[in-house]
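User: I should like to learn how to read several features of a protein model. Please take me through them one at a time.

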Amino acid sequence: MYIIDAAEKFNNLYKNHKTKDIIVLGIESSCDETSIAVVKNGREVLSNVIASQIEIHKRFGGVVPEVASRNHLMAIDNVLNEALLKANITLKDIDAIAVTYGAGLMGALMVGVTYAKSLAFALNIPLIKVNHIKGHISANYIATPQLTPPYIALIVSGGHTAIVKVADYVNNILIGSTVDDAVGEAYDKVAKVLGLGYPGGPIIDKMAKTGKPSIKFVKHDMLKNSFNFSYSGLKTAVINYLHNLSQHGEKPNVADVCASFQAEAVGALVEKSIRACKKFKSKTLVVAGGVAANSYLREQLKNSGEQNNIEVLFPPMVLCTDNAAMIAAEGYFNIISNSGLADTDLTATPTLNLKYVAKK
Ligand code: KG4
Ligand code: ZN
């Protein structure tokens, strides 16, 4: 019965979206943020409650999956209540539930997915499955009301580094991606070897402001002419540099190491994404994912964008890192594209990747 009702309601939402408001409840629990949001028509955030576990995981130097799952469980009821209260609605006002089902940590994802399935079933409303990375892209629909596909997106997170052409609300064409580590992962690892703590990205961002980019870590970018990235070489070069210094009994200038690492890490992102915009004739570059919060990347891309007559869009800080508003927005754009309807057999998919359509 649920499946038939949900499918019919989904169909009605799809058919009538131009004339009727759609309220989507988004649920995100893929890593260390428990977040629930209420978003109207994919762009208007009525509430976006985020319970961060960063303080809990800091003492372990990174996210401990089992600890993350347990904390999601403890937080999720309160996060839902707060999200409804802030949006000034009740469960009856929700038209559909959108949930991150991958990529992420298995146990952490399972909490959100199970919660979303139970709520959708109890309320007898459609459940929409959301790919976390596509959610990061959709954060930009909230931030920039006039944004519509097609455009080029640079995806920079803890698990992904890619340039894609966003062809429409559901289809992406892959232009380039990392051949090894993700850029956020490199930030976190470099911060760890420098003893700066977790999460490394924001700390390196801050430290780099007081340093000089005087160290050249990678001599040749083997992927120079392609749109692909490599971050494991840069990470290893930093580790070797520090190792060498310590063997000589010397201490590194941490601020200079941060500034130099960042200059190389960000340099590749800027050069390749702007080149992709030129090649694929896009006047808009959208940046998505946790590393989009990086102040140096924001500054460099804005400058390069201005020089090349390309508008560069970033979500505000709160929508860069993990949050449920972007998941609700992505859910909405799935609904209006007649896509993403899930059933109660939806399972958490830790290794979910972006599905790409072929290059045209
Ligand atoms: O998108 P996100 O919140 O989670 C994933 O889906 O992976 O991204 C987390 C990543 C972490 O690697 C974190 O260090 C990085 O984003 N990050 C930053 C900054 N803020 C967060 N990296 C560089 N500079 C920042 N300001
Ligand atoms: Zn994320």
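User: Is aspartate 32 buried or exposed?

Analyst: This is a predicted model. Burial is judged from relative accessible area, with under 20% counted as buried. Aspartate 32, at a relative accessible area of 5%, is therefore buried. Its place in the chain is the loop between β1 and β2.

User: Which residues does aspartate 32 touch, leaving aside those up to four places away in sequence?

Analyst: The contacts of aspartate 32 are Ala51, Ser52, Gln53, Ile54, His57, Val63, His72 and Tyr198. Distance in sequence can also be set beside distance in space: aspartate 32 and alanine 108 are 76 residues apart in sequence, and their C-alpha atoms are 7.8 Å apart.

User: Alanine 108 brings us to helix α4. How should its length be read, and what span should its 18 residues have?

Analyst: The general idea is that an α-helix has 3.6 residues a turn, so residues three or four places apart point the same way. At 1.5 Å a residue, α4 (residues 106-123) should span 26 Å, and the 25 Å between its end C-alpha atoms agrees with this.

User: Which residues of α4 are buried, and what do they pack against?

Analyst: The buried residues are Ala108, Leu109, Val111, Gly112, Val113, Tyr115, Ala116, Lys117, Leu119 and Ala120. Their packing partners are the helices α1 (2-16) and α3 (65-87), together with the strands β1 (23-28), β2 (33-40), β4 (96-102) and β5 (127-131).

User: How should I read the backbone angles, and where is there a positive phi just after α4?

Analyst: Most residues other than glycine have a negative phi, and most peptide bonds are trans. Just after α4, asparagine 124 has a positive phi of about 60°. Asparagine 309, in the loop between α10 (295-307) and β10 (311-313), likewise has a positive phi, near 60°. With a relative accessible area of 56%, asparagine 309 is exposed. Asparagine 338 takes a positive phi of about 60° and lies in the loop between α12 (325-335) and β11 (341-342); at 41% relative accessibility, asparagine 338 is partly exposed.

User: Which residues does a cis peptide bond join?

Analyst: One such bond joins glycine 102 and alanine 103, with omega about -10°. Alanine 103 is in the loop between β4 and α4. Another joins proline 149 and proline 150, with omega about 5°, and proline 150 lies in the loop between α5 and β6 (151-156).

User: Let us turn to pockets. How much space lies in the largest pocket, and which residues are closest to its centre?

Analyst: Rolling a probe the size of a water molecule over the atoms shows where empty space is left. The largest pocket holds about 1300 Å³. Its lining has 45 residues, with Ser157, Gly158, Gly159, Asp188 and Tyr198 closest to the centre. Two or more lining residues come from each of α5 (132-143), α6 (183-193) and α7 (200-208), and α6 gives the largest share, seven residues. By class, the lining comprises 17 nonpolar, 20 polar and eight charged residues. Domain 1 (2-140 + 320-342) and domain 2 (150-315) each supply at least three lining residues.

User: What lines the second largest pocket?

Analyst: The second largest pocket, of about 480 Å³, is lined by 21 residues, with Val218, His220, Asp221, Glu264 and Ala268 nearest its centre. Both α8 (232-247) and α9 (254-279) give two or more residues to this lining; α9 gives the most, with seven. The lining has nine nonpolar, five polar and seven charged residues.

Methods: Residues are numbered from 1 along each chain as its sequence is written. Chains are lettered from A and ligands numbered from 1 in the order in which they are written. This is a predicted model: local features need pLDDT of at least 70, side-chain atom pairs count only at pLDDT 80 or more; totals for chains, interfaces and linings use all residues. Side-chain values use heavy atoms; hydrogens and water are left out. On a 1 Å grid over the protein atoms alone, a cavity is a set of points where a 1.4 Å probe fits but cannot get out, and a pocket is an open set with protein on both sides within 12 Å along at least five of seven lines; lining residues have an atom within 4 Å of a point. Grid points are joined across faces, edges and corners, and a volume is the space filled by probe spheres set on the points. Helices (H or I, at least four residues) and strands (E, at least two) are DSSP runs, numbered from the N terminus. Ala, Val, Leu, Ile, Met, Phe, Trp, Tyr, Cys and Pro count as nonpolar, Asp, Glu, Lys and Arg as charged, and the others, Gly among them, as polar. Domain bounds come from an automatic or database domain assignment. The expected span of a helix is 1.5 Å times one less than its number of residues. Buried means under 20% relative accessible area, exposed over 50%, partly exposed in between (1.4 Å probe, protein chains only). Contact means heavy atoms within 4.5 Å.
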